[in-house]
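User: Hi, I'm new to this one. Please walk me through it, starting with the fold and then moving to the DNA.

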Amino acid sequence: MPELPEVQTTVNGLNKVLKGKKITAIWSAYNSPHYKGKENIKDKKYFLRFRKNTLNSPVLGTDRVGKNILIHLKNGVTVLIHMKMTGHLLYGKYEKRKEEWEASEKGPLQDPFNKHIRLVFELNNGKHVVLSDMRKFAKVMYIKTKDLERHSDLLSVAPDSFKLSQNEFVKRLRNKKSGKIKSILMDQALVSGIGNIYSDEILFETNIHPETDIDAVDNKKLEEIWRVSRKILERGINLGGDSMSDYRNIKGEKGKFQNKHKVYRKTGERCLKKNCPGKIKRKVIGGRSAHFCNRHQKLIKTKKRK
DNA sequence: CCGCTTACCTGTCAGC
DNA sequence: TGCTGACAGGTAAGCG
């Protein structure tokens, strides 16, 4: 998904509309035998339990842990939503036509990327929160609120750049003895919230080649990454997230961070750094597309250790 | 433990 | 106009 700024944008939106509301009905199009016996609403049996545990209890508030959305209910249950690649939550008035849900009013909610509706929460004010999720990768489950921090889904999520102090951030990354810096920044167990777009942008800004081994990145540089990651993620939040692809805010509107990309999906373009004659290259690193400048992001080889 | 591949899915786009 | 393959904000599981 949606990386930290997009998840935060969604959470901010939900907090404005959801507090005190109750879910009065739930409809789901998810159903896959692949998830049989798993804690995931894509398992039909689990879905029935999910529904029983989440209906008719007022929403206390919504927050974010890494890229996970948590919706806390008064009855001691928390709904966890991970939007993965193409999921995003929308709020508005919807109606069901045959087996398809449609936004009742003309506007951004009818944007094509908002029409892959897989899950619908009907609220007691007659409106709906729906999950549009083209690729059906999203994960939705419920957890007893008091068990949240012991739950495996959240235990494996590290604090994000805003929660970590500079020292903690450096210490965490320093603990990794090897690995490519881009993959490390995207490792949610080390520091959460950063995904493919923001990692590319952070490494561009800090002049680091994405394949640089963590061993070749000194502490000063890690401190800089911490500072820049906060700056860029904050910028993403202030711009309402990144809508290069599917992501939209809960009104169905685009964010604006995609207009500020310096490298992500800019293959072949000239480097935007002042006085840099470089060109943007694309290379698959750790199974993901990395974008970087071939001049000011030089690969520095690991110092050989004995 | 590490890193790579596969799987979960649907859709779009480039090239033949 | 098809078809085929590459690619897409993420992550878990399986493998060597």
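**A first look around**

Analyst: Let's start with helix α1 (residues 4–17), which lies across β2 and β3 and runs at about 170° to β2. Helices (H or I, at least four residues) and strands (E, at least two) are DSSP runs numbered from the N terminus. Contact means heavy atoms within 4.5 Å, and angles, from 0 to 180 degrees, are taken between the N-to-C directions of lines fitted to C-alpha atoms, for helices over the stretch in contact.

User: Anything I should know about the model itself?

Analyst: It is a predicted model: local features need pLDDT of at least 70 and side-chain atom pairs 80 or more, while totals for chains, interfaces and linings use all residues, and side-chain values use heavy atoms, without hydrogens or water. Residues count from 1 along each chain as written, with chains lettered from A and ligands numbered from 1 in written order.

User: Ok, which strands make up the open sheet with β10, and in what order?

Analyst: The order is β2-β3-β4-β10, 4 strands with antiparallel pairing. Two strands pair if DSSP finds at least two bridges between them.

User: What stands at its edges?

Analyst: β2 (59–65) and β10 (139–144) do, and each has a single partner strand, so one side of each has no neighbour in the sheet. From one strand to the next, the twist averages 20°.

User: How many bridges join β3 to β4?

Analyst: There are 5 bridges between β3 (residues 68–73) and β4 (residues 77–82), which run antiparallel. One pairing to look for is N68 with its bridge partner H82 in β4.

User: And what does α2 lie across?

Analyst: Helix α2 (residues 44–54) lies across β3, β4 and β10, at about 55° to β10. Helix α2 also lies across β1 and β8, running at about 165° to β1.

User: Where do β1 and β8 belong, then?

Analyst: They are in another open sheet of 4 strands, ordered β1-β8-β9-β5 with antiparallel pairing. β1 (23–28) and β5 (87–92) are at its edges with a single partner strand each, so one side of each is left without a neighbour there. Within this sheet, β1 pairs with β8 (residues 117–123) over 5 bridges, and S28 stands opposite L119 in β8.

User: New topic: how many salt bridges are there?

Analyst: The structure holds 15; a salt bridge is a side-chain nitrogen of Lys or Arg within 4 Å of a carboxyl oxygen of Asp or Glu. One of them joins D153 and K139 at 2.7 Å, N to O. That pair links distant parts of the chain, with D153 in helix α3 (residues 152–155) and K139 in strand β10, 14 residues apart.

User: Now the DNA. Which residues are closest to strand B?

Analyst: Of 13 residues around DNA strand B, the closest are S32, M134, R135, K136 and K177, where near means a heavy atom within 4 Å. Sugar and phosphate make up 62% of the strand B atoms that come within 4 Å of the protein. A polar side-chain atom of R135 is 2.9 Å from a base oxygen of the strand, and one of K177 is 3.1 Å from a phosphate oxygen.

User: And which come nearest to strand C?

Analyst: S245, D246, Y247, Y264 and R288, out of 22 residues around DNA strand C. A polar side-chain atom of S245 lies 2.3 Å from a base nitrogen of strand C. In R288, a side-chain N or O atom is 2.3 Å from a phosphate oxygen of strand C. Both α6 (196–205) and β12 (288–293) supply at least two residues of this surface.

Notes:
A polar contact is a pair of N or O atoms within 3.5 Å; within protein, one must be able to donate a hydrogen and the other to accept it, and residues adjacent in sequence count only if both atoms are side-chain atoms.
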